[in-house]
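Student: I'd like a close look at one part of this model: the contact between its chains. Please start with some background, then take me there step by step.

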Amino acid sequence: MKTRRDFVKAGFALGATFSLADLGGLFAADVPAAGGAPAAKAGRSVLVAVRDGDRVAMLDQALAALGGIETFVRKGQTVLIKPNIGWDVPPERGANTHPDLVGHLTRLCLGAGAKSVSIFDCTCDHWRSTYVNSGIEKAAQDAGAQVIPGNDASLYREVAIPGGVKLKRARVHALVLDSDVFINLPVLKHHSGALMTACMKNLMGVISKQDQQNYHREDLHQCIADFLTFRRPTLNVLDAYHPMVRNGPRGKTVEDLVEMRTLLAATDIVAIDAAAARLLGHPPAAVRHVKIAADLQLGTIDLDQVDIRRFKLA
Amino acid sequence: MPRNRLKLLRVTAALVFFAGLTAALVDFRALIPVATGHWFAGTQLVPSLVALATGASLSLAGIIIMVATLAAGRIYCSAICPLGILQDVVARLAAWLRRGKQRLLPFARPKTWLRQLLLWGTVGGVLAGWSGFTLSLVDPYSNFGRIVSGLFRPLATLANNAAAGAARVVGSGGGFYRVEPAWAGLGALGLPVIFLVLITVLVVLRGRLYCNTLCPVGTLLGLFARQAAFRLAIDQGACSKCAACLPVCKSQCIDLRAGNIDFSRCVACYNCIGACEQGGIGYRFAWRPPGRRPAASISPIPPAASMEAPDPQRRAFLAGTAVTLAAALGASRMPARKRAETEPDTTASAAICPPGAGGVDRFLDRCTACHLCVSACPTRVLKPAFLEYGFSGLMKPRLDYSAAFCTYDCRRCGEVCPDGAISLLDLADKQLAQIGEAHLDVEKCIVKTKGTDCAACSEHCPTKAVSTVPYGNNLRLPEYKRELCIGCGACEYACPVRPEKAIIVTGRRRHGRAQKLVEGKAAAPGPAGDFPF
């Protein structure tokens, strides 16, 4: 028997997936209004911030606060989870998204009826050893995800980015172009060039190697923001369990990490990165790509205007 | 073939060695254990002797092969040497193309002067301080390695990519993924290709002519084989001169008229044993104490048929021993290495040699350019040089940072190297081994020229020799600290500036040791225990 609550939930889920996944792909150049999460207070975007639990528990809490994974993943959909798999270092070094999160999120998506879950990143270090040593390949495969090579140039397709200021064209990984649901799952780190790497910077891993170099040549921050005019993730989940606060983005030792035991989740990529900047002690506007994205009206940088739902698990 | 168990043994061993080495040299997906390549390459005569002579390892394979040759002839050449086995494979293919029609190669007189010239030329080269260059040209295993790594490996990669494409069309990865074929430059690839053509032509026209006339390793082993305790010989009583043994002999070393086998040229393939209907060919004990003339009755070799010398066997044995000792002495003396040790640390090298090589001169002295490391290198940053090291470094591996860099946690090249040219360093030492140094030109840097953030160099730097400092209006400018730099090339690889990069790495003629950046625990950026928003 369907209760009223079920009906409302299903309605929100349908609405959310349509507005974010399908329409986002169809009208890529459009700049839709920020937010879209269920039960948002009149147009305000929702940010969930969880502290003091283990990663899996914090992810469960964050998703529950956003209406559950079913809000984002419908039966039969193809899902792309894009972790940060940049560097050939083990999980305790904090340079990559933690494999526990990748595995758990994969299981949740499949549990929600996803047809497939794919994982990839265009790594900075050698892709094979990075996939293996980050622990992500095994965690993802054990959970039932397809792990796709990130180095294979033939998997990228060139697209136009009409909304971009500096970035007009880019070769984008087919999984980003073809998946129904796109979940961004980065790790929070200091970055010696971009100041911070969180959700927006993580999307540099879905474009080809040459385009990554183009970003660096043509104005890194502007290009990072420009890409969002083409495609924004359905959902962003940020691993800030032990963020790297110096020597990023690769880091040297575990001494570069600070234990924060935090996880953020939001559909608004600007809001979540603004909060991420705060976690690292920066005013959000100091991270230029966050400021530019806000100026392009791709999301809310002013955290006072965001519906922040805080949870402390201990 | 119970009658020819020796051939069965030989073929079995040959398949094992050939498969092991080929697999290690082709392995573009790092599917087989790293130790496989190292072990198989370590069974090869020249790498083993180089490792022993330089004290790199207590590698006994070379000694064992020489003792085995003294016992029963050139077993190495047909059962262990991959270049010899490759020629057998080519010969089989050629025979198959000819639809099995065998080609009769009659007995040929030994070209003694050519064999001596090439052998003593090799010894002379080693003694003159050109050991690495000379051995890289003549070592059959290294020649085989270059053919497989430079030619067969990229071809196998292309086949893999075609399979990966097909697997994708049918809708599953099937465990396949695409791999960049990574062809060597035309210059560095040219020699292996020419060599492959040469041995193919020779083997089709003249059997194992390369092995028993041109190959100095074969000639060296031939000197021992002539003195062997057991030698293949024709039983004159059984021989009906039917000549069934002649078409199967690859070495043109059966002189039926004299009833004699030139065992210094025989590559111990044992084909003749099975071909003889009378069972007239087999091993005969022929050992005699050095210095005593053979009594005609017990020797299978009539005196007149030997190499026209008063005591050819003894002379051969002494020459073989002398060659080995001289080569070992030359390798261990390493004049170039001594020269390098007196040079200042900072001398730059146009080409960069791998961590564990110690320095360019030591490396070029010892490396025989077998390209096992080139095949094993996961990022393909190791590429065969053409003239980057100079002429003496032809085909030796070098690090090329245009499309890759040396992985910080990797020491695969040291793990596979069979002769100690690349020592296997402890990981902690490898991560401090300065193989080169970077040169940062901030005036070319994007941050200065365009006023936008970049720091791709510092991003990739594993030691933080390249970090960034605040610059201008909320920008970060790269800063370089030489003492922390190991020359891995990650910065040069990542730099987006064109046509000339803003940070480039040059090699160090002698490798150094970097300092390690040691920092305390990082400070928390915000309030502990609460959200900063």
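Tutor: Chain B's secondary structure amounts to 22 helices and eleven strands; helices here are DSSP runs of H or I with at least four residues, strands are E runs of at least two, and both are numbered from the N terminus. Bear in mind that this is a predicted model, where local features need pLDDT of at least 70, side-chain atom pairs count only at pLDDT 80 or more, and totals for chains, interfaces and linings use all residues. As for bookkeeping, residues are numbered from 1 along each chain as its sequence is written, chains are lettered from A and ligands numbered from 1 in the order in which they are written, and side-chain values use heavy atoms, with hydrogens and water left out.

Of the 533 residues in chain B, 55% are buried, meaning under 20% relative accessible area (over 50% is exposed, in between is partly exposed; 1.4 Å probe, protein chains only). Among contacts in chain B (heavy atoms within 4.5 Å) with a separation of 6 or more, 73% join residues 24 or more positions apart. Chain B's accessible surface is about 22,600 Å², 65% of it from carbon and sulfur atoms; that area comes from the Shrake-Rupley method with a 1.4 Å probe, and for residues only the protein chains shown count as cover.

Now to your interface. Chain A puts 54 residues into the contact and chain B puts in 44. The size of an interface is often given as the accessible area lost when the parts come together. Here the buried area is about 4,200 Å², with 52% from carbon and sulfur atoms; buried area is the accessible area (1.4 Å probe) that two parts lose on being put together, summed over both. On the chain A side, H216(A), R217(A) and K252(A) lose the most area to chain B, together 15% of what that side buries.

What about polar links? The rule finds five salt bridges across the interface, each a side-chain nitrogen of Lys or Arg within 4 Å of a carboxyl oxygen of Asp or Glu. D530(B) and K312(A) form a salt bridge, with their closest N and O atoms 3.2 Å apart. There are also 24 residue pairs in polar contact, both residues at pLDDT 80 or more. A polar contact is a pair of N or O atoms within 3.5 Å; within protein, one must be able to donate a hydrogen and the other to accept it, and residues adjacent in sequence count only if both atoms are side-chain atoms.

The elements giving two or more residues to the chain A side include β1 (46–51), α8 (209–218), α9 (220–230) and β12 (307–312) of chain A. With five residues, α8(A) gives the most to that side, so let's stay with that helix for a moment. D211(A), Q212(A), Q213(A), Y215(A), H216(A) and R217(A) are its buried residues. They pack against β6 (169–173) and α9 of chain A, plus α20 (446–449), α21 (456–460) and α22 (490–494) of chain B. Right after α8(A) comes D219(A), with a positive phi near 110°.

Next, hop over to chain B and T463(B), in the loop between α21 and β9 (466–471) of chain B. T463(B) counts as buried because its relative accessibility is 7%. Leaving out residues up to four places away in sequence, T463(B) touches K252(A), Y408(B), L484(B), C485(B), I486(B) and L517(B). So one of the chain A residues that lose the most area, K252(A), turns up again here. The T463(B) side chain reaches the backbone nitrogen of A465(B) at 3.2 Å, and a polar atom of that side chain lies 2.9 Å from the backbone oxygen of L484(B).

For contrast, here's a bit of chain A's own fold. In strand β8 (residues 187–191) of chain A, five of its five residues are buried: V187(A), K189(A) and H191(A) on one side, L188(A) and H190(A) on the other. β8(A) pairs with β10 (residues 235–244) of chain A in the parallel sense over two bridges; two strands pair if DSSP finds at least two bridges between them. Strand β9 (residues 195–197) of chain A pairs with β8(A) in the antiparallel sense over three bridges, and these two form a hairpin with three residues between them.
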